[in-house]
Amino acid sequence: MAVNLAVNGISLLAPLTGVGQYTYNLLGEIEKDPDFQPWFFYGPVWDTRRIDQATLESRLKAERVSRIRNLLRTFVPNSYAIARHLQQRYFSRGVRNHAIQLYHEPNFVPLRFDGPIINTIHDLSILRFPETHPKERVRAIGDALPAAIERSDVVITVSEFIAREIVETFSVDPSKVHAIHNGVSEQFRPREAQEVHDCLAKYGLTYGSYLLAVGTLEPRKNITSLIRAYEKIPSGMRRQFPLALAGMKGWHYGEIGREMEPSVAAGEIKLLGYLSDDELPQIYAGSSMLVYPSIYEGFGLPPLEAMACGVPVIASNRASLPEVVGDAGILVEPYDIDAIAEAIMSLIDDAGERERRGRAGLERSRDFSWEKCASETMAVYKRVLDDQVLV
């Protein structure tokens, strides 16, 4: 019989960023395996399907959704601890009702569970760069991480870099930590100009004639350095190759917005906002390059997605990014404005180098897949379950 697997699906209820993409794509593969029956925990309800916020609300009575939201807003504004308490009540009830045998928490801090726990920790930015997160998040998750790691049977990380950081930071037995790389979805692929024309036209973009940055517009993504580097390149280049920023406005966006305001007004920087699952691969494929000078990443999906589209990548030389990009991309010091600008200009000036880097990235991207990620993850599940039987 299939193992009843609990997965915290709350990250699927918001626009999908890193954790949500990981959860959605990994479990999409695990759902295909008859050995496991995933049960997704969405707070008030459980479901055997990956669902989004609209679907969730359609399944709940409107007054119940409203009552939960009003309770949180009125009595516990911004209170992570109380929200977790409410989640725990729903979670424990569902564990009993669905005879859960194994629990995978894809988002750092697992809820209480009496059986085996698999915990995915994507990065330690909360500890390494606390200034790039809201203070409440730093307190809540930072304080909870040591205990979360202690009560997890296995910790999965999305890169060897983060695995080493966890072992060194928390003095964890290395055998407890497993690095399993993220994958890249099949919709990220090279596309001809005609295929993406309508999507690009919607945003005022021309195939092969714009720079792209993807990610939430917040301090950790180092957008300010990118903007300053972009403004250093000659005005003629900026007119020919505008910078398109794809992502939601995040925490402390105000400072970033003020920094880019003149370039936005001049039409040299284009704010695309959060792109749909259909649009994002097209925007990647139509770009001349991805520039990703993030100061810290546990993995870094955008460079991999760009490489899978045959697009050359300029990325930070820090944290896990060299592990993902390898020799295919150009790695730069994220705070070296001149180095970022020079890398951009070198690719603009040399179409042959852009093509070479694009081919190299496409070849490297083939080493990463969600199928491989799921296969390695399910091997961890089975090992933990076998250990439980032996005990």
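Which residue of strand 9 does Leu211 stand opposite? The partner is Leu243, and the pairing sits in one of the sheets described below. The model is a predicted one, with local features requiring pLDDT of at least 70, side-chain atom pairs counted only at pLDDT 80 or more, and totals for chains, interfaces and linings drawn from all residues. Numbering starts from 1 along each chain as its sequence is written, and side-chain values use heavy atoms, with hydrogens and water left out.

To start with the overall picture, the chain has 17 helices and 13 strands; these are DSSP runs numbered from the N terminus, helices being H or I of at least four residues and strands being E of at least two. Its C-alpha trace spans about 65 × 45 × 40 Å along the principal axes. The radius of gyration comes out at 22 Å, which agrees with the value near 21 Å for a compact globule of 391 residues (taken over C-alpha atoms, the globule rule being 2.2 Å times the number of residues to the power 0.38). Of the 391 residues, 54% are buried, where buried means under 20% relative accessible area, exposed means over 50% and partly exposed lies in between, using a 1.4 Å probe and protein chains only. About 17,700 Å² of the chain is exposed, and carbon and sulfur atoms supply 49% of that (areas by the Shrake-Rupley method with a 1.4 Å probe, for residues counting only the protein chains shown as cover). As for contacts (heavy atoms within 4.5 Å), 69% of those between residues at least 6 apart in sequence join residues at least 24 apart.

Now to the sheets. One is an open sheet of 7 strands in the order 3-2-1-4-5-6-7, with mixed pairing; two strands pair if DSSP finds at least two bridges between them. Strand 3 and strand 7 (177-179) stand at the edges with a single partner strand each, so one side of each has no neighbour in the sheet. Strand 1 (residues 3-8) runs parallel to strand 2, with 6 bridges between them, and Asn8 stands opposite Phe41 in strand 2. Helix 1 packs on this sheet, touching strand 1, strand 2, strand 4 (102-105), strand 5 (117-120) and strand 6 (154-157), and its direction makes about 165 degrees with that of strand 1. Such angles run from 0 to 180 degrees between N-to-C directions, the axes being lines fitted to C-alpha atoms, for helices over the stretch in contact.

An open sheet of 6 strands has parallel pairing and the order 10-9-8-11-12-13. Strand 10 (269-273) and strand 13 (330-332) are its edge strands, each pairing on one side only, and the twist averages 25 degrees from one strand to the next. Strand 8 is joined to strand 9 (residues 243-246) by 4 bridges and to strand 11 by 2 bridges, running parallel in the latter case too. On the strand 11 side, Leu212 has Leu290 as its bridge partner. In a regular strand, side chains alternate between the two faces of the sheet. In strand 8, Leu211 and Ala213 point one way and Leu212 and Val214 the other, and all are buried. Further along, strand 12 (residues 313-316) pairs with strand 13 in the parallel sense over 3 bridges, with Ser316 opposite Val332. Helix 13 lies across strand 8, strand 11 and strand 12, at about 170 degrees to strand 11.

That leaves the charged pairs. The structure holds 18 salt bridges, each a side-chain nitrogen of Lys or Arg within 4 Å of a carboxyl oxygen of Asp or Glu. Among them is Glu297 with Arg220, whose closest N and O atoms are 3.9 Å apart. Glu297 lies in the loop between strand 11 (289-292) and helix 13 (301-308), Arg220 in the loop between strand 8 (211-214) and helix 9 (223-230), 77 residues apart. Glu297 counts as buried because its relative accessibility is 7%, and Arg220 does so at 10%. Glu297 also meets Lys221 in a salt bridge (2.7 Å, N to O). Lys221 lies in the loop between strand 8 and helix 9, so this pair ties together parts that are 76 residues apart in sequence. Both Glu297 and Lys221 are buried.

Another salt bridge joins Arg50 and Glu31, with 3.2 Å between the closest N and O atoms. Arg50 is in the loop between strand 3 (46-47) and helix 2 (53-59), and Glu31 in the loop between helix 1 (18-30) and strand 2 (36-41), 19 residues apart. Arg50 counts as partly exposed at 25% relative accessibility, as does Glu31 at 30%.
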